[in-house]
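Here's a quick briefing to read alongside the sequence and the 3D view. Keep both open and look for each feature as it comes up.

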Amino acid sequence: MTAIQESDIVRLPRGVRLREDKRRGGWVLLAPERVFQLDGIAQAVVGQVDGERSVGTIIDRLCETYQAPRERIAQDVTAMFAGLVEKRVLEVA
């Protein structure tokens, strides 16, 4: 599995889009010939990805928004990002 560091900056690769799916309700990551349905938590995390913020900054923003322990959010976010990088719908800039 890909190791994600808090200093890394992540972005959606060319051809991948975060879109609201009004038909199914919710949000999806659209990739060439693939669709990834996101739950509310995944959408909140991926919605922070702008290609400029570091993973650590994204974690800090989520901690402020959800008032959750940083260690827990950091573990969950880095694991999610690593999985998305493996699936090639997220990349380290």
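Let's start with a hairpin: strand 2 and strand 3 form one, with 6 residues between them. In its turn sits G25, which has a positive phi of about 80 degrees. Keep in mind that this is a predicted model, not an experimental one.

**The hairpin and its sheet**

- Strand 2 covers residues 17-20 and strand 3 covers residues 27-31, and the two pair in the antiparallel sense over 4 bridges.
- If you want one pair to find on screen, try R19, whose bridge partner in strand 3 is V28.
- Strands of a sheet pair through backbone hydrogen bonds, and they can do so in either a parallel or an antiparallel way.
- Strand 3 also pairs with strand 4: the two run antiparallel and 5 bridges join them.
- Here, a pair to look for is L29 with F36, its bridge partner in strand 4.
- Put together, you get an open sheet of 3 strands in the order 2-3-4, with antiparallel pairing.
- Why do strand 2 and strand 4 each have one side without a neighbour in the sheet? Strand 2 and strand 4 (34-38) stand at the edges and have a single partner strand each, so one side of each is left open in that sense.
- From one strand to the next, the twist averages 30 degrees.

**The nonpolar core**

- The largest nonpolar core has 26 residues, and the ones that touch the most other members are L29, V77 and F81.
- Several elements chip in: strand 3, strand 4, helix 1 (40-46), helix 2 (55-66) and helix 3 (70-86) each supply at least two residues of this core.
- Which element gives the largest share of this core? That's helix 3, with 7 residues.
- Now back to L29, the residue you met as the partner of F36. Leaving out residues up to four places away in sequence, L29 touches L12, V16, R17, L18, R34, V35, F36, L38, V46, L84 and V89.

**The chain as a whole**

- Count up the secondary structure and you get 3 helices and 5 strands.
- Walking along the sequence, you'd meet them in the pattern β-β-β-β-α-α-α-β.
- The radius of gyration is 13 Å, close to the 12 Å that the globule rule gives for 93 residues, so the chain is as compact as a globular protein of that length.
- Along the principal axes, the C-alpha atoms fill a box of roughly 35 × 25 × 25 Å.
- Of the 93 residues, 39% count as buried.
- The chain exposes about 6,000 Å², and carbon and sulfur atoms supply 46% of that.
- Take the contacts between residues at least 6 apart in sequence: 53% of them join residues at least 24 apart.

**Two loop residues to look up**

- P32 has its place in the loop between strand 3 and strand 4.
- Is P32 buried or exposed? P32 is exposed, because its relative accessible area is 54% and the cut-off for exposed is over 50%.
- The C-alpha atoms of P32 and R14 are separated by 9.8 Å, and these residues are 18 apart along the chain.
- S54 has its place in another loop, the one between helix 1 and helix 2.
- With a relative accessible area of 18%, S54 is buried, because buried means under 20%.
- What does S54 touch, not counting residues up to four places away in sequence? Its contacts are E6, S7, D8 and I9.

How values were computed:
Residues are numbered from 1 along each chain as its sequence is written. This is a predicted model: local features need pLDDT of at least 70, side-chain atom pairs count only at pLDDT 80 or more; totals for chains, interfaces and linings use all residues. Side-chain values use heavy atoms; hydrogens and water are left out. Two strands pair if DSSP finds at least two bridges between them. Axes are lines fitted to C-alpha atoms, for helices over the stretch in contact, and angles run from 0 to 180 degrees between N-to-C directions. A nonpolar core is a set of buried Ala, Val, Leu, Ile, Met, Phe, Trp, Tyr and Cys residues joined through side-chain atoms within 4.5 Å. Buried means under 20% relative accessible area, exposed over 50%, partly exposed in between (1.4 Å probe, protein chains only). Contact means heavy atoms within 4.5 Å. The radius of gyration is taken over C-alpha atoms; the globule rule is 2.2 Å times the number of residues to the power 0.38. Accessible areas come from the Shrake-Rupley method with a 1.4 Å probe; for residues, only the protein chains shown count as cover.
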